[in-house]
Amino acid sequence: MIRFCTLSIYLAAALLVASCGGNSAEKADSSDSDTIATDTVPVVKLPLTLPDTVYPSAEVVKFKIDRRDSTPGDVSPLVDLYADAPGVFTFRGGMYRRADFNGCVDSVPSCIEIDWEFTTAIYNRQTSVGTWGGGTGWTGQPLYVNWPDSTWKRLRDYNSVYPNAGREEIIVGSLDSHVYFIDYQTGEASRKSVNVGNPIKGTVSLDPTLNGNLYVGHGVPAQSPFGAIAIDLFSNVVSDVFDRDPRAQRSWGAYDSSPLRYGQFLFRPGENGTFYKFLVAPGKLTLHSALRYTVGGSAPGIESSMAIYANYGYIADNAGNIIAVNLNTMRPVWRYSLGDDVDASLVLEVEDDVPYIYVGCEVDRQGIGTANMVKLDARDGREVWLTRIPARRADINGKHFDGGFYGTVLPGTGDCSDRVFANCVLNNENRQNGVFVAFSRADGHILYQTPLKYYAWSSPVGYLTPDGRLTVLTADCVGNMYLIDPKDGKIIFTKPVGANFESSPVAIGNTAVVGSRGNKIYRVSLH
């Protein structure tokens, strides 16, 4: 039996803002101090501290904790700072990565319309891995923020935003090496873009305390420095740079993972085989400690975005390791092997008061094999169910295209609460490239597989009607967008919109904003 160390159970009156305009709750004034604003909506405190133990599964993880700061390492307080954020501040919305965007429609939509498109620059500079163009890549999800009065006033006082810009802002990192800021309503630039020097592939992350920090990871090295940075949104300049880490066990120093703020720390996995813990101040990060680990003598990189529950953080790497880490001590707790590269992010769902993880792997090292989708007990790593889908890696003209799961799981809600959804790349012999798959939450059996016109790396998002009917929006890698009825998997509507949609959309009311590889960012509406 698993033992839990119960701190206390906090009963907070949660104000659920579910308007179609997104969460517009106001925050307290953001001063120069790094404070957590809680003046309007009570922060929901997590009820448990999970045990600081090492399960037998973690004994294969050989690790070193590189402690760089004497500040106590316990996360405090254990509260979900994203639950009260006025918008979508990180990949898939928050610590659980469950894409709980509050997308909503008046009735089941039957079409998609383009509201506006924003054009990025094009990055033609040669890197060691080619040129990267413009627009957005994988995962490349835009952020949405509806700035509260006090923060908006400060941005205006600092002349950070253009005079005619509205307070609803889209923030997105681009393959052309810029971070762009777009007026959600008009599609026009809301402030000057910030050049970070190297292409950005992952999703940027906005600090939910509204201290002005925007966290950005470089995706491809074209120049130095190359690593992880912070932008001060009040001055619109790069305020902190964490360059290549000479102590890292891998030389590839990209940061596609979207980091998370928790307590006084920022947690950031790296593709250099290291999991970092930074102390946060406005405009500044200080390295507190780093977990450096190997499994079977290998130090895999981490491209997946982590999830957090209580004091456990969950990471997944290129070798298929899923590892729970005690965020207070940075010690591994348990480990599960999914069998191949895991780039999709871990999704955490609490069901009957028990936290579970859903995640799928690619077909990369296998060549020809299976894309594995798993449900794990997040407390100890116990496998609840494992479902395998035959798939393969396609090798074409010297390049390889992995099969399996690039996109992150979408938990079903409303009338589809008994299932989870994901896009899967097949690359099979029948030239069927990709499918939209529905899995039973209870036992993992496949309810249906809906063929798409092409494979999809993008993650699906959901929209609810007032009576709880769910519709799913997803996009593929040749620019098609789909509306899908998730009850039976039937495609309601398909529309060719842009070039390759590797990036994942953010849902805002009855709209979505998503970037493409064709140097375009789109806002679309569901009707």
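Biologist: Let's start with one side chain in this predicted model. Is F436 buried or exposed?
Modeller: The relative accessible area of F436 is 0%. A residue counts as buried when that area is under 20%. F436 falls under this cut-off, so it is buried.

Biologist: Happy to zoom out now. How many strands does the chain have?
Modeller: The secondary structure of the chain includes one helix. Alongside that helix, the number of strands is 40.

Biologist: What radius of gyration does the chain have, next to that of a compact globule?
Modeller: The C-alpha atoms fill a box of roughly 60 × 55 × 50 Å along the principal axes. For 527 residues, a compact globule would have a radius of gyration near 24 Å. The value for the chain agrees with that, at 21 Å.

Biologist: What share of the residues is buried?
Modeller: The chain exposes about 18,800 Å², and carbon and sulfur atoms supply 49% of that area. Of the 527 residues, the buried ones make up 64%.

Biologist: And what share of the contacts joins residues 24 or more positions apart?
Modeller: The count here takes contacts with a separation of 6 or more. Among these, the share from residues 24 or more positions apart is 59%.

Biologist: How far apart are the centres of the positive and negative side chains?
Modeller: There are 47 positive side chains and 56 negative ones. The centres of these two sets are separated by 4 Å.

Biologist: Now to the rings. What kind of aromatic pair do F226 and W252 form?
Modeller: The chain has 22 aromatic pairs. For F226 and W252, the ring centres are 6.2 Å apart and the planes make an angle of 65°. Planes over 60 degrees apart count as edge-to-face. The pair is therefore edge-to-face.

Biologist: How many residues apart are F226 and W252?
Modeller: F226 is in the loop between β11 (213–217) and β12 (228–232), and W252 is in the loop between β13 (237–242) and β14 (260–262). The pair thus links distant parts of the chain, and the two are 26 residues apart.

Biologist: Which of those two counts as partly exposed?
Modeller: F226 has 1% relative accessibility, so it counts as buried. At 29% relative accessibility, the partly exposed residue is W252.

Biologist: Why is the pair of F421 and F436 described as stacked?
Modeller: The centres of the two rings are 5.6 Å apart. Planes under 30 degrees apart count as stacked. The planes of F421 and F436 are at 10°, so this pair is stacked.

Biologist: Which strand holds F436?
Modeller: F421 is in strand β31 (residues 419–425), and it is buried with a relative accessible area of 0%. F436 is 15 residues apart from F421, in strand β32 (residues 434–440).

Biologist: Which residues are linked into a cluster by ring pairs?
Modeller: Here ring pairs join Phe and Tyr side chains. The members of the cluster are F242, Y255, Y276 and F278.

Biologist: Let's visit L348. Which residues does L348 touch, leaving out those up to four places away in sequence?
Modeller: L348 sits in strand β22 (residues 347–351), and with a relative accessible area of 0% it is buried. Its contacts are Y96, R98, A307, I308, Y309, Y314, P355, Y356 and A378.

Biologist: Where does the backbone have a cis peptide bond to P225, and in which loop is P225?
Modeller: The bond runs from S224 to P225, with omega near 0°. Another cis bond goes from S76 to P77, with omega near -5°. P225 is in the loop between β11 and β12.

Biologist: What phi does A99 have, given that it is not a glycine?
Modeller: A99 is in the loop between β2 and β3 (112–119), and at 9% relative accessibility it counts as buried. N519, also not a glycine, has a positive phi of about 50°. For A99, phi is positive too, at about 55°.

Biologist: Last one: which residue with a positive phi follows α1?
Modeller: Helix α1 covers residues 149–157, and its buried residues are S150, T151, W152, R154 and L155. With a positive phi near 60°, the residue after α1 is N159.

How values were computed: Residues numbered from 1 in each chain as written. Predicted model: local features only at pLDDT ≥ 70, side-chain atom pairs only at ≥ 80, totals over all residues. Heavy atoms only, no water. Helix = DSSP H or I, 4+ residues; strand = E, 2+ residues; numbered from the N terminus. Rg over C-alpha atoms; globule rule 2.2 N^0.38 Å. Buried < 20%, exposed > 50% of the residue type's maximum accessible area, 1.4 Å probe, protein only. Contact = heavy atoms within 4.5 Å. Areas by Shrake-Rupley, 256 points an atom, 1.4 Å probe, with all protein chains shown as cover. Lys, Arg positive; Asp, Glu negative; His and termini not counted. Charge placed at Lys NZ, Arg CZ, Asp CG, Glu CD. Phe/Tyr/Trp six-rings, centres within 6.5 Å; stacked < 30°, edge-to-face > 60°.
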